[in-house]
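Reader: I am new to this structure and would like to learn how to read it. Could you take me through some of its features in turn?

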Amino acid sequence: MIDLNAVRADTPASIERVFLDSAGSSLPPRQVLDAVIGHLRREAEIGGYTAGRERADDLEAGYGVFADLLGAEPDEIAFTDSATRSWLAAFDAVPLTAGDRILITEVEYAGNAVPILHRAREVGATVETVPSDALGQVDVEALKELLDERVKLVSLVHVPTNNGLVNPVKEVAEAAHEVGALVLLDACQSLGQLPVRADELGVDLISGTGRKWLRGPRGTGVLVVRRSAREVLRPRLVDLHSGEWVSPHEIRLREDARVFELWECSIADRLGLIAAARYALDLGLEQIRRAVADRADRLRRGLAELPGVVVRDIGEQRSGIVTFTVAGRRVVELRDELAGHGVVVSTSHAGSTLLDMTKRGLDEVVRASPHYFVEPAQVDQAVEAVSRCAR
């Protein structure tokens with residue numbers, strides 16, 4: 001079991017308010033703050049280059065830390081400045097030509113859909129949607145019917161931004177690989193709350209962020225590129241870190257995942273990201289999953305009992321994201337009113353997950369995402385605050 005007193009002591013703000021927005025940008029523990037602020041102070045003392053060289057071994061060790069976290073090898077890990085940058089770097093490297101097909105799911109995120117549709121239009125590829133099953137997750141049997149050798153990529157969101165489902169990743173990957181398609185897993189909302197392991201899920205690429213459930217700094221991201229996928233991908237955004245200028249008219253690109261990195265980065269934030277990953281590993285990913293599920297289930301049950309409140313989560317397996325609406329109330333107003341009661345939530349709107357929200361007739365939802373540092377009593381406090389707002 002997670003020592004609740006210890007993790008709350010590491011997170012003072014979790015005591016001051018009911019923080020239910022780890023799906024947006026979570027509260028970093030003091031270990032992450034110490035890593036970031038400590039390095040910034042060191043840069044102020046001796047300069048950024050010298051301070052960076054001092055931490056070269058720690059930065060290098062970070063690849064092993066994330067390999068342990070994500071079930072990969074150190075040479076399959078790349079660091080970026082966001083989940084978006086990770087996802088775009090991977091997607092942009094997938095070879096696509098006219099007639100190729102890209103499959104997405106009904107819970108695709110706008111941050112992925114926009115570049116997918118943009119590039120497909122440029123190259124003459126087609127974008128098709130895999131239907132969901134009766135419970136809301138991707139229908140694997142329907143996926144198999146759509147797959148053929150023209151499918152070059154399956155874009156799969158592990159946990160959507162706007163509801164609590166968890167998609168069946170391994171089954172999707174196995175089906176896609178039957179026709180040679182790559183699977184790019186958006187783990188933006190799963191990394192840090194669920195075990196996300198490339199070796200178990202079987203996907204080719206994983207993109208993730210530091211700021212959400214992993215509790216790292218903003219402006220940090222990670223990308224997993226399996227060795228088998230690296231042979232297929234064609235990175236286009238490269239610099240002097242990604243490759244080497246070996247003669248006046250010749251370059252040599254790196255052969256590991258770091259070909260997707262750029263030279264400039266925030267050393268302080270990267271050290272904070274590594275500290276966040278160590279913190280999660282020390283707690284235990286399965287222990288985190290259980291604690292998050294406990295808080296989320298408690299919140300769903302409490303909200304479901306309130307008059308005028310409808311829990312909007314779908315899926316057979318549920319994540320730590322809890323979405324709901326209150327009859328007659330706009331979600332932004334609810335968010336702000338709940339903040340007045342000391343409860344921090346966020347909102348999700350149709351533009352972020354257009355296919356899913358349109359299909360379900362939803363324009364907006366309140367999104368609450370309790371992490372393991374939230375006390376059960378605080379979950380009940382949040383339910384009571386929603387009850388007052390719904391009257």
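Author: What follows is a dialogue on helix packing, burial and backbone angles in a predicted model.

Reader: How are two packed helices described?

Author: Two packed helices are described by the angle between their axes and the distance between those axes. Take helix α3 (residues 30-46) and helix α12 (residues 267-283): their axes come within 8 Å and cross at roughly 155°. Angles over 145 degrees count as roughly antiparallel, so α3 is roughly antiparallel to α12. The crossing of this pair is right-handed.

Reader: Which residues make the contact of α3 with α12?

Author: From α3 come Gln31, Val32, Ala35, Val36, His39, Leu40 and Glu43. From α12 come Ile267, Ala268, Asp269, Leu271, Gly272, Ala275, Ala276 and Tyr279. By type, the residues of this contact are ten nonpolar, three polar and two charged.

Reader: At what angle do helix α5 and α12 pack?

Author: Helix α5 (residues 56-70) packs with α12 at an angle of about 40°, and their axes are 10 Å apart. This crossing is left-handed. In α5 the residues involved are Asp58, Leu59, Ala61, Gly62, Tyr63, Val65, Phe66, Asp68 and Leu69. They meet Ile267, Arg270, Leu271, Leu273, Ile274, Ala277, Arg278 and Leu281 in α12. The division by type is twelve nonpolar, one polar and four charged.

Reader: How do α14 and α16 cross?

Author: The axes of helix α14 (residues 331-340) and helix α16 (residues 376-390) come within 10 Å, with a crossing of roughly 125°. That angle makes α14 oblique to α16. The crossing is right-handed. Leu334, Glu337 and Leu338 of α14 make the contact with Ala385, Val386 and Cys389 of α16. Five of the contact residues are nonpolar, none is polar and one is charged.

Reader: Which residues of α14 are buried?

Author: Val331, Leu334 and Leu338 are buried in α14. They cover an arc of only 55° around the axis, and therefore lie on the same side of α14. The buried residues of α14 pack against β12 (322-326), β13 (343-344), β14 (346-349), β15 (364-368) and α16.

Reader: How should I read a single residue: is asparagine 5 buried or exposed?

Author: Residues over 50% relative accessible area count as exposed. Asparagine 5 has a relative accessibility of 60%, so it counts as exposed. This residue is found in helix α1 (residues 4-9). Glutamate 384, in helix α16, is partly exposed, with a relative accessible area of 36%.

Reader: Where does separation along the chain come in?

Author: It can be set beside separation in space. Glutamate 384 and leucine 303 are 81 residues apart in sequence, and their C-alpha atoms are 8.9 Å apart. Asparagine 5 and glutamate 76 are 71 residues apart along the chain, and their C-alpha atoms are separated by 36 Å.

Reader: What is there to read in the phi angles?

Author: Most residues other than glycine have a negative phi. Arginine 215 is not a glycine, yet its phi is positive, near 70°. This arginine is found in the loop between β7 (205-209) and β8 (221-225). Arginine 215 is buried, with a relative accessible area of 1%.

Reader: What is the phi of glycine 342, which follows α14?

Author: The phi of glycine 342 is positive as well, near 80°.

Terms used:
Residues numbered from 1 in each chain as written. Predicted model: local features only at pLDDT ≥ 70, side-chain atom pairs only at ≥ 80, totals over all residues. Heavy atoms only, no water. Helix = DSSP H or I, 4+ residues; strand = E, 2+ residues; numbered from the N terminus. Buried < 20%, exposed > 50% of the residue type's maximum accessible area, 1.4 Å probe, protein only. Axes fitted to C-alpha atoms, helices over the stretch in contact; angles between N-to-C directions. Parallel < 35°, antiparallel > 145°, perpendicular 65-115°, else oblique. Left-handed = near helix turned anticlockwise from the far one by under 90°. Contact = heavy atoms within 4.5 Å. Nonpolar A, V, L, I, M, F, W, Y, C, P; charged D, E, K, R; others polar. Arc of directions from axis to C-beta.
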